[in-house]
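Hi everyone, thanks for coming. Let me put the model up on the screen so that we can go through it together.

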Amino acid sequence: MLTGTEILTTAQMRAIESAAMASGEVTGLQLMERAGTAVAGQIRLRWPKPGRVTVLCGPGNNGGDGYVIARLLHHAGWQVRVLGMDNSPGADAAEVKRQWAKIGPILPLTEAELRRRGESSDVYVDAIFGTGLTRAPQEDIASILLHMGGWGGDWAYYRPRIVSVDCPSGLCLDSGFFLGQSRVAGDLELRAVMTVAFDSPKPGHLLGLGPDCCGRLVIADIGLAHWRVTQRREIADGKALEVQRPAALTADWPIFDIPDNRRFALAGKKQAEWLTKRHATSDHKFGHGHALVLAGGIARGGAARLAARAALRVGAGLVTLAPPRSAMIDHGGPPDALMRRGIDDAATLDDLLTDGRITALCIGPGCGIDRATALLPSLLKSKRPAVLDADALSALAEIGLTDLHQGCVLTPHLGEFARLFPDLTERLGEKPRTGPAYSKLDAAREAAARSGAVVLLKGPDTVIAAPDGRAIIHSAFDVPWLATAGSGDVLAGLITGLLARGLPPLDAAATGAWLHAAAARRFGPGLIADDLPEQIPAVFRDLRA
Ligand SMILES: NC(=O)C1=CN([C@@H]2O[C@H](COP(=O)(O)OP(=O)(O)OC[C@H]3O[C@@H](n4cnc5c(N)ncnc54)[C@H](O)[C@@H]3O)[C@@H](O)[C@H]2O)[C@@H](O)CC1
Ligand SMILES: Nc1ncnc2c1ncn2[C@@H]1O[C@H](COP(=O)(O)OP(=O)(O)O)[C@@H](O)[C@H]1O
Ligand SMILES: [K+]
């Protein structure tokens, strides 16, 4: 099992809060006070000089946090204006609302009030909706959110400082999409400069529009760790039904600051660190493996060579490139460390795979769909760990998923995913109306369960899922230059090399994704895919430093 910080769905978070409160050791009011204190503290840390703040409080406990923040900032010398709703919230929110009402007025939560002349603020605290959002915001609140969303756009330097409590309001924390809005980024989503969330990140902080809209994400400890761990244990014992697999998600998310009091181990990074130590004991039973990369015919481009080079750089002991014999000359260029072997048909591949020293296979990059269709059955029959990418995924869409096995890693981008799992893609494309909305995480998990293979669904928010439900989110929104021709081929090669070295498929996929993004980060803009494998030694060096 990879180690990493748990990502909790909103249902899991609620169950953990309920368990904590049911224990009698902590009350909901105390949790709310801690949450509000954490947010007010972050605001004061970021803007030490007290200024003017507008706190927008919604109908539920997110709004409750807002009233706590308003009171604390008032006591810290800030000039506080509160906009709230005329509703009857739960007991905890009602209590903190009463406390605020002794200090100052609660103005109506309307767009007109927000825009009142002469009332602009230095900071706006968005405490309208948090984990309790179940449907698209309506009427007054919808127009406030649209108005605040419009603050972004081209006038970014005028952009008011929005601090969101738990999430930008309207964002579905299970999917990273805004309920009632398109899944594609527009100008209308609320964009915070900072989001302070509680206990653990939720999928919506890491997926879809979440990373762009949350701004800097701070995860604040509100003292729930004990119940998180207890709930996890109960799951292992099969007792708790309402929390499913709280430990099954791990985050691998190197972008935003996480306070020191949070454990935020990086799944792929840990494995990569472990790999850098492997050379010292190269006679270990895993050895360094032998990867076979199946290449395509003449003029199929360098995709397979990119993959093979990446497999070598990531430390596979041997890498053999296998084009059809007629294309051998075409594939004769460097690196000279590559071995070559002509493979024309399935029978030759069958023969070669009687060699048990070949520990991993890669098929797809530059292979051609016909050749992939011809070779796939032999490759799958061998039960050898294998990465299926690009043309192999198109071939698979024709052949069907039945022969896939648990050593397989599928690495589709969304287009390839649509060919393999059209129904899941259709669900992913639907406008999210109710929460929890169908997410990329749901789609990858369903695809892995259905295919019996590890599925790595690419994008800036890469989701990696295993057939048993374990899943990892790897966000790399900070390296958009990774979206360059051939970069996926390098990723396929990295994972193949790691499989060859003996990593289990889920670990190989997670570590490959981590190294891939780390290489891009290290090189910077201007990167072309050829640069990626060449950065791997430096990434390893950094890990050893
Ligand atoms: N439960 C707890 O122990 C804690 C909760 N905390 C805060 O509480 C939040 C969750 O509180 P709630 O569960 O009350 O939920 P929220 O305050 O996020 O939710 C919204 C409330 O509005 C209603 N609602 C949902 N969608 C709506 C829509 N489109 N239009 C109008 N009303 C809508 C819901 O029924 C709910 O009552 C967290 O995000 C966090 O900020 C923190 O205080 C920490 C402790
Ligand atoms: N905006 C982005 N930010 C970071 N990484 C991205 C972004 N878009 C794509 N990627 C990553 O770049 C790689 C592109 O792979 P792929 O789509 O297969 O490209 P190609 O077929 O050209 O090799 C994937 O690893 C994907 O996760
Ligand atoms: K919020």
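I'll start with confidence, go on to the domains, and finish with one strand and its partners.

First, the ground rules: this is a predicted model, where local features need pLDDT of at least 70, side-chain atom pairs count only at pLDDT 80 or more, and totals for chains, interfaces and linings use all residues. Residues are numbered from 1 along each chain as its sequence is written, while chains are lettered from A and ligands numbered from 1 in the order in which they are written.

The mean pLDDT (the predictor's confidence in each residue, from 0 to 100) is 87, with 89% of residues at 70 or more. Over residues 235-266, though, the pLDDT is below 50. Where pLDDT is low, please don't read the predicted coordinates in detail.

Now the domains, whose bounds come from an automatic or database assignment: domain 1 covers 28-177 + 187-219, and domain 2 covers 282-544. Their C-alpha centres lie 42 Å apart. Contact, meaning C-beta atoms placed from the backbone and within 7 Å, takes 15 residues from domain 1 and 14 from domain 2.

And my favourite part, β18, residues 461-465; strands here are DSSP E runs of at least two residues, numbered from the N terminus. All 5 of its 5 residues are buried (20 or more other C-beta atoms, placed from the backbone, within 10 Å of their own), so β18 is largely enclosed by the rest of the structure. Strands pair if DSSP finds at least two bridges between them. β17 joins β18 antiparallel through 3 bridges, with Val455 opposite Ala465. β19 pairs with β18, also antiparallel, over 5 bridges, and there Ile464 stands opposite Ile472.

How values were computed. Two residues are in contact if their C-beta atoms, placed from the backbone, lie within 7 Å. A residue is buried if 20 or more other C-beta atoms lie within 10 Å of its own, exposed if 12 or fewer, and partly exposed in between; C-beta atoms are placed from the backbone. Helices (H or I, at least four residues) and strands (E, at least two) are DSSP runs, numbered from the N terminus.
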